[in-house]
Amino acid sequence: MSSTLEQLRAMTVVVADTGDFEAIKEFKPTDATTNPSLILAAAKIPKYSALIDKAVDYGKKNGNDLEKTMDYLFVLFGTEILKVVPGRVSTEVDARLSFDIESSVKKARQLIQMYEKEGVKKERVLIKLATTWEGVKAAEQLEKEGIHCNLTLLFNFAQAVACAEANVTLISPFVGRIYDWYVAKTGKKVYENPADDPGVISVTKVYNYYKKHGYKTVVMGASFRNTSEIKALSGCDLLTISPVLLDELSKETGVKLNRALSAEVAKSLDIPKTHYDEKKFRWELNEDQMATDKLSEGIRKFAADCITLENLIKQKLK
């Protein structure tokens, strides 16, 4: 019997959640996702120093412009990743723009222009935005321009519905961070049935809703804490998985992986359609303490890592 990873590939698009393209080569995913935290981690690896140097040289030629240097660094990592994956790479807009529609749209356009100068077509890039109301509205505008988006830091149903109604290409609900919140609140770390994991429940609900009502937006489960969560979402459109968990799945053999999610099954379910305008969206987030906590925490963490990376680059621009 083939490995669990190979069985998963037969029903789900496997994506590598890393900025380390040597790890990407090993597991041969279809796509890859990056974020400021992953790029920061990769930037500290000596073998990627040439990319840092290239970005710094670019910055120096552009008046020591820190913002342009950072953008170019993200694009360089994305461009290298696209040399080893056949699909798409996700590149994140600065988390500090999460509540600014106009600046988010402007930044996304700039990143796409940079990619195109590197010979990368926009169809191979997903612009990542936090799933705030402003992030959703920025994505809606970008999608109309043919710039595809990945809405990240997604923790609840209202966020997911708003993304679908905005015709966003892809969403990344964070399975593991939902799990983390419930562990902190309840102390429960192990679920006898992985389908009862709160993060798995959340993604399953969104997946079934999307398929029931025929939305084009696809679901990419993210931020996994263990392989049980991954297997409980087999059949999901895409799953983005860290190299550590990809390695575990590749080494697990002799175990049959059953499909957990099915578009056909979802279509047969009785799920009413709903709608979220801005007021209802904000109220639902306000009422969902977990989603509010994790969304704000995620934005702060990505912003902090971006600042750390900026400080590293500042030293080299001197």
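The expected span of a helix is 1.5 Å times one less than its number of residues. Keep that handy for the exercises below, which all use a predicted model.

**Exercise 1. Check the span of helix α4 and work out which residues of α4 are buried.**

Step 1: α4 covers residues 49–61, which gives 13 residues. From first C-alpha to last, α4 reaches 18 Å, close to the 18 Å expected.

Step 2: now sort by accessibility. Leu 51, Ile 52, Ala 55, Val 56 and Gly 59 are the buried residues of α4. Looking down the axis, you'll find these buried residues within an arc of 135°, so they line one face of the helix. Over on the other side, Ala 50 and Lys 61 are exposed.

Step 3: look for the cover. The buried residues of α4 sit under a set of elements that includes α2 (21–27), α3 (36–43), α5 (66–81) and α15 (289–317).

Step 4: step just past the helix end, and Gly 63 shows a positive phi of about 70°.

**Exercise 2. Find the largest nonpolar core and say which helix gives the largest share of this core.**

Step 1: start from the general trend. In soluble globular proteins, nonpolar side chains tend to be buried together.

Step 2: here the largest nonpolar core has 104 residues. Its residues with the most contacts inside the core are Ile 127, Leu 129, Leu 151, Ile 171, Tyr 210 and Ile 241. As for the share, α15 supplies the largest, with 10 residues.

Step 3: zoom in on Leu 151. Skipping neighbours within four places in sequence, Leu 151 has contacts that include Leu 129, Val 136, Cys 163 and Ile 171.

Step 4: don't miss the second, separate core, which has 5 residues, among them Leu 126, Leu 170, Met 220 and Leu 238.

**Exercise 3. Is Asp 31 buried or exposed, and what does its side chain reach?**

Step 1: Asp 31 belongs to strand β2 (residues 31–33). Its relative accessibility is 7%, so Asp 31 counts as buried.

Step 2: the Asp 31 side chain reaches the backbone nitrogen of Arg 88 at 2.8 Å.

Step 3: leaving out residues up to four places away in sequence, Asp 31 touches a group including Val 14, Val 85, Gly 87 and Leu 238.

**Exercise 4. How many disulfides are there, and why is Cys 163 not in one?**

Step 1: a search of the whole structure turns up 0 disulfides.

Step 2: for Cys 163, the closest cysteine sulfur is in Cys 149 at 9.6 Å, too far for a bond. Cys 163 counts as buried because its relative accessibility is 0%.

Step 3: Cys 236 has its closest cysteine sulfur in Cys 163, at 14 Å, again too far for a bond.

Definitions and conventions
Residues are numbered from 1 along each chain as its sequence is written. This is a predicted model: local features need pLDDT of at least 70, side-chain atom pairs count only at pLDDT 80 or more; totals for chains, interfaces and linings use all residues. Side-chain values use heavy atoms; hydrogens and water are left out. Helices (H or I, at least four residues) and strands (E, at least two) are DSSP runs, numbered from the N terminus. Buried means under 20% relative accessible area, exposed over 50%, partly exposed in between (1.4 Å probe, protein chains only). The arc is that of the directions from the helix axis to the C-beta atoms. Contact means heavy atoms within 4.5 Å. A nonpolar core is a set of buried Ala, Val, Leu, Ile, Met, Phe, Trp, Tyr and Cys residues joined through side-chain atoms within 4.5 Å. A polar contact is a pair of N or O atoms within 3.5 Å; within protein, one must be able to donate a hydrogen and the other to accept it, and residues adjacent in sequence count only if both atoms are side-chain atoms. A disulfide is a pair of cysteine sulfur atoms within 2.5 Å.
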